[in-house]
Amino acid sequence: MLGKLIKHDFKSTSKVMVPISIAFVAITLLGVLFLGTNLMQQEELLPLTITLLIAYILMLITLTMISQIYLIVHFYRNMFSSQGYLTFTLPASPQKIFHSKMLVGCTWLLFISVLTVVSALILIGAASGFENISSIIHEIFSMQLFTNGNLGTDFSASFTEVIGYNSSQLLLLFSILTLISIYYNIAVGYGSVTIGQLYAKHKVVGAVLVYAGTYLLMQILTTVTIFLVCLKPVLDILATPEVELEGAVFLQMMRSIYRPMFPSMILTQLGAGILLHIASIVIVNKKVNLD
Amino acid sequence: MTLLECKHLTKKFGKRNVLSDISLQVNGGHIIGLLGPNGSGKTTLIKLICGLLTPTSGEIYVNEMPIGTSSKKVISYLPDHSYLNDWMRVRDIIDYFEDFYEDFESIRAYDMLAKLKINPSDKLKTMSKGTKEKVQLILVMSRRADLYILDEPIAGVDPAARDYILDTILSNYDENASILISTHLISDIENILDQVIFLQNGVIRLHTFVDDIRQKEQKSVDALFREVFKC
């Protein structure tokens, strides 16, 4: 039954998600075509190049946001508007219905994330030659952020040394964070809609309020977490009597800020996602009241 | 075996009691009219049986099983409004029903569509309200369900279409199955009913056989309804 639910949800969402994916491809192709011209080499056209680069980034962000909003609206319409009369009378348990929608939503957002990365890599490759991509990445990681004279004598630190991860570790963490963020975004969106159904009237307003409340709570939680995990060690170092802000201490402070940042974000988002996921399951099982 | 049983069913919206302590039993092989004025709780009762609302208190059993996946397998439900994706073609919806309901017979659905000259390739959004209602009824009646629950199936269609709908209902349900029909248009359907439930202010005023009304009260269901619910 789960397979059938997933199949039909993919079919239904693809009506909008496929055109969005095609838009990603079209924007990338336009970028490649632009980079294929010699316009970038002309100094007087630098403002145009920068404008197009900003437009490209904004378009990717907009398409990603449209995807997320569409998936949440589709979930609402399919579950709690008139279409819910069909969805909730299917011979499937409410949690199976909910999980099928979670899976489909997460898969689409993952696909969009992959498209974004591939699009960026293609454009970097088109601008610099595709064989140079790995050397560009290597250059970024070995780039000296601090050199002799910045902080004391004989001190230098690469990007890797400052953030505390090498390129493979950072790639792994970034991939995990992307996956967890996708799960979190879908869980928050679908969870807000589901919790909003508990309001007797104005359920959509309720869902928006829950979403805004969750966003605010997460901002506070993230700030507190960053303070406790990342900034407190720095304050402890600074509070040490007679500490000298020389290179090694500075590097230690930078690392204590950046190194726990990814794991903290991963754990915070995973925790919040699981909480909203569980709340949604309880509501669709025990508290469904369609208008 | 009792097909449908409600035990002390109560539903409140906020502080307002919409259904109060409803208890009823329905066996297989009957056509039951669920009758009552606006706001009497007919649709609420139907939605509770279909699992679209959660009771405040009380229990509901279908084939002696609580409301859940097993009850949804045997209930074929027609809501009082359009509930299908407008962008879907009739053929897509038939595939959808065939995928999910083991008792759905697509041959019957296509046959009924052909009789009504409805093109299966048409999208719902291109159809009139009446045609959409006919498509929904065709889908619901193409199942071999134990319990058909039809909420206002003839409310939005012309008298000629009403006859077709009633004929479709009668000629497509299994004689061991039961049909629960909610409607205001009593005179149109009273000839096909064999039981009636009168609901008033969330309470069952009467649950009896139509023949008993005719013999004991010497009245039609329509006449009795007008008398009971006189404003």
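This report describes a helix pair in chain A, and strands and two loop residues in chain B, of a predicted model.

Residues are numbered from 1 along each chain as its sequence is written, while chains are lettered from A and ligands numbered from 1 in the order in which they are written. Because the model is predicted, local features need pLDDT of at least 70 and side-chain atom pairs count only at pLDDT 80 or more, whereas totals for chains, interfaces and linings use all residues.

In chain A, the axes of helix α4 (residues 94-128) and helix α7 (residues 167-196) come within 9 Å and cross at roughly 135°, where axes are lines fitted to C-alpha atoms over the stretch in contact and angles run from 0 to 180 degrees between N-to-C directions. Helices (H or I, at least four residues) and strands (E, at least two) are DSSP runs numbered from the N terminus. The angle makes α4(A) oblique to α7(A), a class left over once angles under 35 degrees (roughly parallel), over 145 (roughly antiparallel) and 65 to 115 (roughly perpendicular) are set aside. Residues in contact, with C-beta atoms placed from the backbone within 7 Å, include A:G105, A:L109 and A:S113 of α4(A) and A:I182, A:I186 and A:Y190 of α7(A).

In chain B, an open sheet of four strands has the order β2-β1-β4-β5 with antiparallel pairing, two strands being paired if DSSP finds at least two bridges between them. Strands β2 (16-26) and β5 (65-66) of chain B stand at the edges with a single partner strand each, so one side of each has no neighbour in the sheet. Two bridges join β4(B), residues 57-62, to β5(B), and B:V62 stands opposite B:M65.

Strand β6(B), residues 75-78, is covered on both faces, with B:I75 and B:Y77 buried on one side and B:S76 and B:L78 buried on the other; buried means 20 or more other C-beta atoms within 10 Å, exposed 12 or fewer, and partly exposed in between. Four bridges join β6(B) to β7(B), residues 147-151, in parallel, and B:Y77 stands opposite B:I149.

Most residues other than glycine have a negative phi. Two exceptions in chain B are tabulated below, with their loops and C-beta neighbours within 10 Å.

| Residue | Phi | Loop | Neighbours and class |
|---|---|---|---|
| B:E152 | about 50° | between β7 and α6 (159-172) of chain B | 19, partly exposed |
| B:N201 | near 50° | between β9 (195-200) and β10 (203-209) of chain B | 14, partly exposed |

Conventions:
Two residues are in contact if their C-beta atoms, placed from the backbone, lie within 7 Å.
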